[in-house]
Amino acid sequence: MDLVPALDEPLKKVLGPPTAKVMAEHLGLHTVGDLLHHYPRRYEERGQLTHLADLPMDEHVTVVAQVADARLLTFASAKAPRGKGQRLEVTITDGSGRLQLVFFGNGVHKPHKDLLPGTRAMFSGKVSVFNHRLQLAHPAYEPLRGEGADDTAAAESVGSWAGALIPIYPATAKLESWKLAKAVQTVLPSAQEAVDPLPDSLREGRGLVSLPEALLKIHRPHTKADIGDARARLKWDEAFVLQVALARRRHADAQLPAVARRPRPDGLLTAFDAKLPFTLTEGQQKVSKEIFDDLATEHPMHRLLQGEVGSGKTMVALRAMLAVVDAGGQAVMLAPTEVLAQQHHRSVTEMMGELAEGGMLGGAEHSTKVVLLTGSMGAAGRRQALLDLVTGEAGIVIGTHALIEDKVQFHDLGLVVVDEQHRFGVEQRDALRGKGKQPPHLLVMTATPIPRTVAMTVFGDLETSVLDQLPAGRSPIASHVVPAADKPHFLARAWERVREEVDNGHQAYVVCPRIGDEEDDPKKSGKKKSPEDEAEKRPPLAVLDIAQQLAKGPLQGLRVEVLHGRMPADDKDAVMRRFAAGETDVLVATTVIEVGVNVPNATAMVIMDADRFGVSQLHQLRGRVGRGSAAGLCLLVSEMPEASPARQRLNAVASTLDGFELSRIDLEQRREGDVLGQAQSGVRSSLRMLTVIEDEEIIAEAREEAAAVVAADPELTGFPGLRTALEALLDEEREQYLDKG
């Protein structure tokens with residue numbers, strides 16, 4: 001008997017170069033182990049045929065069906081003017097529907113012999129429409145011989161489908177499902193070599209089958225129970241190995257030394273709290289306590305603070321920063337855009353008042369300097385800011401990526417606050433943390449609500465705090481979808497509503513997906529398209545165009561200004577200042593206003609081409625209104641047809657203000673791959689079995705088990721199989737930087 005190939009054996013050696021090349025290029029499979037972890041998407045039962053009635057258009061499908069009839073037609077064509085062209089039309093059925101297969105030219109002879117009425121086979125091809133009927137043109141096929149066939153040829157022909165359940169693999173046009181099944185059949189004996197990553201005690205305690213058995217059952221199940229056993233086991237592998245990687249990162253961070261930062265009892269924080277005109281919400285108090293407890297320890301805090309738009313995260317972060325300044329350190333806040341950094345700087349200095357005037361006449365006894373540092377500052381301002389940082393004159397620093405540059409040095413960096421975590425990679429976070437004499441404490445904030453399991457999976461190296469109460473005085477926001485194509489008068493009414501808000505002394509935002517100074521030509525020529533195509537194909541609406549149309553048309557006479565990311569920093573700041581001061585009625589902007597912009601007098605927002613934005617982004621944008629005592633209004637304008645998925649998404653946003661509910665909807669629609677962002681990029685063992693939403697329980701349990709294993713044996717010396725699995729998931733560097741996308 002041949003030697004069983006090892007799991008790291010290249011497929012080229014086992015299956016031959018041509019097949020291996022297709023697998024590598026189209027499916028990312030390189031070794032025997034990769035192929036064993038390429039699991040079937042679903043299974044066909046011999047007795048139960050696929051529903052032909054439900055075939056998706058333009059997708060590559062594999063179906064099991066029976067030939068109802070086959071007709072060989074002769075026709076004239078340019079290539080065969082004397083009527084010698086041949087076309088074979090085969091109709092297949094599964095009881096739920098019928099499907100036509102078409103073969104042309106020289107390709108008709110073999111199927112004409114093979115596909116006789118009554119023959120059952122697997123067919124694979126791309127679904128298209130011809131003459132209003134679904135068809136597969138030139139599908140690949142594999143006849144399934146008689147159920148009880150005992151001759152060798154028949155047995156070999158059924159080959160990889162000898163079991164009662166036929167595995168259907170994620171395939172490509174270049175490699176049909178059954179060819180994959182045959183390839184898996186070739187390497188399946190190697191499953192016996194698979195080293196089990198799960199500790200025996202864990203596996204036995206949870207009644208999970210061994211890894212070799214799971215691989216056998218997932219590829220060649222005899223019963224549905226086999227599939228269930230295999231899935232339960234393989235989900236645990238994915239959850240556990242990922243959680244061990246994260247637990248090791250948490251453990252390594254916990255070994256780092258940090259300076260404990262305890263606020264002075266009568267320092268800046270006390271003075272700041274005394275002048276607050278309101279009391280903190282229960283949630284703010286609870287989260288602040290978690291943060292202060294972390295800051296008081298001698299290893300670095302790593303905490304994720306997630307809170308709904310407007311739940312008062314900035315206030316919690318500012319109090320943490322003041323506590324660190326009280327303890328003799330410096331605190332820095334990293335914002336993703338200049339507009340947001342300037343906005344934070346403005347609101348922090350306003351909230352602190354004379355406490356932010358350290359070193360100035362009129363500054364309070366307990367005060368510090370609050371410095372802004374961005375890439376577009378003038379040379380003199382930048383020099384002064386850098387000097388304030390290195391001397392320790394500035395207790396609080398707010399800035400953009402400019403803070404990460406080599407030139408920037410701190411006197412004693414104690415706390416890093418990262419706003420809108422999803423805009424920064426771990427590398428940037430760590431570059432800033434590297435500027436402390438010892439690792440500083442880290443507080444990461446996000447207003448994009450993250451379902452608990454995603455937080456455990458993507459931000460698994462951070463402890464999590466959640467702010468889910470809105471502070472007193474925040475008003476509800478009404479949201480409505482405006483179907484501009486179906487009901488143009490609704491759009492006219494939207495502009496009337498904006499005018500009414502302005503007449504009542506309020507202000508409004510209009511958001512567009514594009515700036516409009518690009519070189520693209522919206523007058524794309526071409527044949528007439530359906531309304532859905534028109535809405536999809538035309539360029540997204542642009543700030544500069546819409547601002548002009550509104551100022552000359554429905555909002556004539558109102559003070560309309562524009563704001564976008566390509567404006568010079570001083571201009572952006574001037575526009576925001578005028579809007580905040582109430583000197584502008586309507587601000588037409590891109591998503592630069594998405595996070596952190598705080599103008600309580602702005603009560604209305606119209607989002608143009610709302611279907612071009614993601615669910616979480618719409619929720620973020622909407623959070624810019626209703627920030628004062630007057631109710632907020634958000635109008636989602638779209639030209640997409642009522643039945644389209646885009647409109648269903650907008651209806652979901654309009655129907656709830658619960659960000660966690662929306663993030664679930666978003667996740668279900670985008671699937672895990674996107675949400676995990678690059679946490680899994682290029683990693684072979686990315687999530688295949690595990691679904692972040694449905695498998696919440698497994699992820700939570702795997703996290704606990706992983707923490708216990710790592711606490712007892714951080715180097716995993718007693719778990720060689722687990723070490724091997726980790727190496728497959730992450731090389732050294734990847735474990736350092738589980739990129740948070």
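**Exercise 1. The nonpolar cores**

Identify which residues touch the most other members of the largest nonpolar core in this predicted model, and which helix gives the most to this core.

*Solution.* Step 1: the largest nonpolar core holds 38 residues, and Met 352, Ile 396 and Leu 415 touch the most other members. Step 2: the greatest contribution to this core comes from helix H12 (residues 313-326), with 10 residues. Step 3: take Ile 396 and set aside residues up to four places away in sequence; its contacts then include Leu 318, Met 321, Leu 322 and Val 325. Ile 396 also touches Ala 331, Met 352, Thr 368, Lys 369, Val 370 and Val 371. Step 4: another core, of 32 residues, lies apart from this one, and Met 576, Val 597, Ala 610 and Leu 618 are among its residues.

**Exercise 2. The sheet and its edges**

Establish the strand order of the sheet formed by 6 strands, and explain why one side of E16 and of E18 is left without a neighbour.

*Solution.* Step 1: the order is E16-E21-E20-E17-E19-E18, in an open sheet with parallel pairing. Step 2: strand E16 (477-483) and strand E18 (560-563) each have a single partner strand, so at these edges one side of each strand has no neighbour in the sheet. Step 3: on average, and ignoring direction, neighbouring strands of the sheet are turned by 20° against each other. Step 4: at the E16 edge, 7 bridges link E16 in parallel to strand E21 (residues 632-638). Within this pair, Val 481 is placed opposite Leu 636 in E21.

**Exercise 3. Helices on the sheet**

Determine which strands helix H19 lies across and which strands helix H20 touches.

*Solution.* Step 1: helix H19 (residues 543-552) lies across strand E17 (507-511), E18 and strand E19 (586-589), and runs at about 150° to E19. Step 2: helix H20 (residues 569-580) packs on the sheet in contact with E17, E18, E19 and strand E20 (602-607). The direction of H20 makes about 140° with that of E18.

**Exercise 4. Positive phi in loops**

For Asp 609 and Leu 716, state the phi value, the loop, and whether each residue is buried or exposed.

*Solution.* Step 1: most residues other than glycine have a negative phi. Step 2: Asp 609 has a positive phi, near 50°, and sits in the loop between E20 and helix H21 (615-622). Its relative accessible area is 3%, so Asp 609 is buried. Step 3: Leu 716, likewise not a glycine, has a positive phi of about 60°. The loop that holds Leu 716 runs between helix H24 (696-712) and helix H25 (720-729). With 0% relative accessibility, Leu 716 is buried.

Note on methods. Residues are numbered from 1 along each chain as its sequence is written. This is a predicted model: local features need pLDDT of at least 70, side-chain atom pairs count only at pLDDT 80 or more; totals for chains, interfaces and linings use all residues. Side-chain values use heavy atoms; hydrogens and water are left out. Two strands pair if DSSP finds at least two bridges between them. Helices (H or I, at least four residues) and strands (E, at least two) are DSSP runs, numbered from the N terminus. Axes are lines fitted to C-alpha atoms, for helices over the stretch in contact, and angles run from 0 to 180 degrees between N-to-C directions. Contact means heavy atoms within 4.5 Å. Buried means under 20% relative accessible area, exposed over 50%, partly exposed in between (1.4 Å probe, protein chains only). A nonpolar core is a set of buried Ala, Val, Leu, Ile, Met, Phe, Trp, Tyr and Cys residues joined through side-chain atoms within 4.5 Å.
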